[in-house]
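Open the structure in your viewer and keep the selection box handy. We'll hop from place to place, and at each stop you'll hear what to pick and what is there.

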Amino acid sequence: MSLLVVGLSHRSAPVSVLERASLAAEAQVKLLQDTLAAEPAAEAAVLATCNRIELYADVDKFHAGVAELSTLLAQHSGVGLDELTPYLYVHYEDRAVHHLFSVACGLDSMVVGEGQILGQIKDALARGQELHTAGRLLNDLFQQALRVGKRAHSETGIDRAGQSLVTFGLEQLADGAEVTEWAAGKRALVIGAGSMSSLAAATLARAGVEEIVVANRTRARADRLVEILGQAGVPAARAVEMAEVGNELTRADVVVSCTGATGLVLTAAAVAEALGAAYDSAAQAPEAPAAPAADELDQHAAWVENGSAAAQDRAVRPVAPRPADAGPVRLHLLDLAMPRDIDGAAHRVAGVRLVDIESLAEASADAPMAADVDQVRTMVAEEVAAFGAAQRAAHITPTVVALRTMAADVVAGEIARLDGRLPDLDEKQRAEITQTVRRVVDKLLHAPTVRVKQLASEPGGAGYADALRELFDLDPQTVAAVSRADLNDPNRGRS
């Protein structure tokens, strides 16, 4: 079996496609179950964040695996396969390991070096474990990815190469000013109470906002976030129902939104109404984009014609620079959701500044790369080699164990036969003979088993397990039993 990943991210697909391909929690569960039911896959895990959707699987056939995983992603995302395919990337075996380790270290993030991805990888592993879709390979892979990511952040200055998406977004809203100076005295409205919204609330609190209001579809989660903020020393925090967002919008200076909603949470008209600004949806509609070059037509399919009305409405309103005559900013909007929560046309409402995933991607493209990034890349390459060697060595271990088990059985049989032929041996003599035979067998097996483990850990060493089984006529069922016992060991993989 071999590791395969098929996915799309902010590096391979426009935000509009990522929005439409995003997977809710229920869809991720169904995708995992269907992937495991597919013939080429023995294990599966999904890594779904605001700017990537990746399906990992242990497959026995590369081409069949790519076809099956691509089809499943299309089915569960609701984006047609023909439309989705140009944006998909495929990584196999060591390249797949290298990709996940790079992701874990923040090298593949929109904001290089951000550490939130580690929590998302941990969640992906936990989901696979809970649903029993992650077996030996993916458990080892994701646990190692977490260790590599933590190592990168503790041993290098990768954190200096970028910040969390929240911090970076607030810096864009501050437009060159120090975030703490910009945030001082402002009233903030946080929409959503998930991990990203919680991070946003905590970041705003540290930045020095005067008040934080949390709105969430489930009031209990909003209350819980407010309680946590209170424990952290934020006195002016309160929770409201989602129905009160309109009223709170009239009081807010900053709005951060990150929900799992499938439709818009804030329309441009609602933002304009809260500010008492005029808004003409027809007049404010963006101009039609220029026709793409001929060589771009195949890559950028006419997805607007195939997508849902809600997705089209969100995707055809990109965020552009604020008009020069837009006046002073009265309301700062930060949309960290995927699909987006805030109508992209809101940036054209007088007094509004909007930053969303798409504009963050554009801004981060010009971020300077620190020398620490090169150090992390070297670390990733080393860790990939070590992971591959460990996996190849682990592959032969059950065969070596089965060989030693067979040798022990042969010794036991010969000692029993000796007991029958020499019944007058006393216990001391029998023990000495038994120990001598075992030492002879151990010495004969030591050099070849150590050497075969070394050879198996090297690239191209997968065939040594088969050779060992063939040479010693080992029972495949015995080897498989050892593998199952190792996989079911409750202490396996703990660090």
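How many nonpolar, polar and charged residues are in the lining of the largest cavity? Let's work up to that one. Before selecting anything, know that this is a predicted model, where local features need pLDDT of at least 70, side-chain atom pairs count only at pLDDT 80 or more, and totals for chains, interfaces and linings use all residues. Residues are numbered from 1 along each chain as its sequence is written, and side-chain values use heavy atoms, with hydrogens and water left out.

**Stop 1: the cavities**

Select Cys50, Asn51, Glu114, Gln120 and Leu165. Of the 13 residues lining the largest cavity, these are the closest to its centre. A cavity here is a set of points on a 1 Å grid over the protein atoms alone where a 1.4 Å probe fits but cannot get out, and lining residues have an atom within 4 Å of a point. The largest cavity has a volume of about 110 Å³, where volume is the space filled by probe spheres set on the points, and points are joined across faces, edges and corners.

Now for the opening question: the lining has 6 nonpolar, 5 polar and 2 charged residues. In this scheme Ala, Val, Leu, Ile, Met, Phe, Trp, Tyr, Cys and Pro are nonpolar, Asp, Glu, Lys and Arg are charged, and the others, Gly among them, are polar. Next, colour helix α6 (residues 116-130), which gives the most to this lining, with 3 residues. Helices (H or I, at least four residues) and strands (E, at least two) are DSSP runs, numbered from the N terminus.

The structure holds 2 cavities of 30 Å³ or more, so to speak a pair to visit. For the second largest, pick Arg187, Ala188, Leu189, Glu211, Val213, Glu248, Arg251 and Ala252, which line it. About 50 Å³ of space lies inside. Its lining has 4 nonpolar, no polar and 4 charged residues. Strand β5 (187-191) and strand β6 (211-216) each supply at least two lining residues, and the largest share, 3 residues, comes from β5.

**Stop 2: the nonpolar cores**

Show Leu8, Leu84, Leu165, Leu204, Ile212 and Leu336 as sticks. Among the 68 residues of the largest nonpolar core, these touch the most other members. Such a core is a set of buried Ala, Val, Leu, Ile, Met, Phe, Trp, Tyr and Cys residues joined through side-chain atoms within 4.5 Å. Buried means under 20% relative accessible area, exposed over 50%, and partly exposed in between (1.4 Å probe, protein chains only). Helix α8 (residues 165-174) provides the largest share of this core, 6 residues.

Which residues does Ile212 touch, leaving out those up to four places away in sequence? They are Ala188, Val190, Ala201, Leu204, Ala205, Leu229, Val234, Ala236, Ala237 and Arg238. A contact means heavy atoms within 4.5 Å. Another core, of 35 residues, lies apart from the largest one, with Val5, Val103, Cys105 and Leu125 among its members.

**Stop 3: helix α5 and an aromatic pair**

Select residues 94-104, helix α5. This helix is mostly covered, with 8 of its 11 residues buried; including Ala96, His99 and Phe101. After α5 comes Gly106, with a positive phi near 85 degrees.

Keep Phe101 and add Phe387, which lies in helix α18 (residues 371-421). Their ring centres are 5.9 Å apart and their planes are at 80 degrees, so the pair is edge-to-face. Rings of Phe, Tyr and Trp (its six-membered ring) pair if their centres lie within 6.5 Å; planes under 30 degrees apart count as stacked, over 60 as edge-to-face and the rest as tilted. The two partners are 286 residues apart in sequence, so the pair ties together distant parts of the chain's numbering. Phe101 is buried at 0% relative accessible area, and Phe387 is buried at 8%.

**Stop 4: backbone oddities**

Zoom to Glu93, in the loop between β4 (89-92) and α5. Glu93 has a positive phi of about 50 degrees although it is not a glycine, and at 38% relative accessibility Glu93 counts as partly exposed. Then jump to Asp175, in the loop between α8 and α9 (179-183). Asp175 has a positive phi of about 55 degrees, again without being a glycine, and is exposed at 57%.

Finally, select Met338 and Pro339: the peptide bond between them is cis, with omega near 5 degrees.

How values were computed. 1 Å grid on protein atoms, 1.4 Å probe; cavity = no way out; pocket = protein on both sides within 12 Å on 5 of 7 lines; lining within 4 Å.
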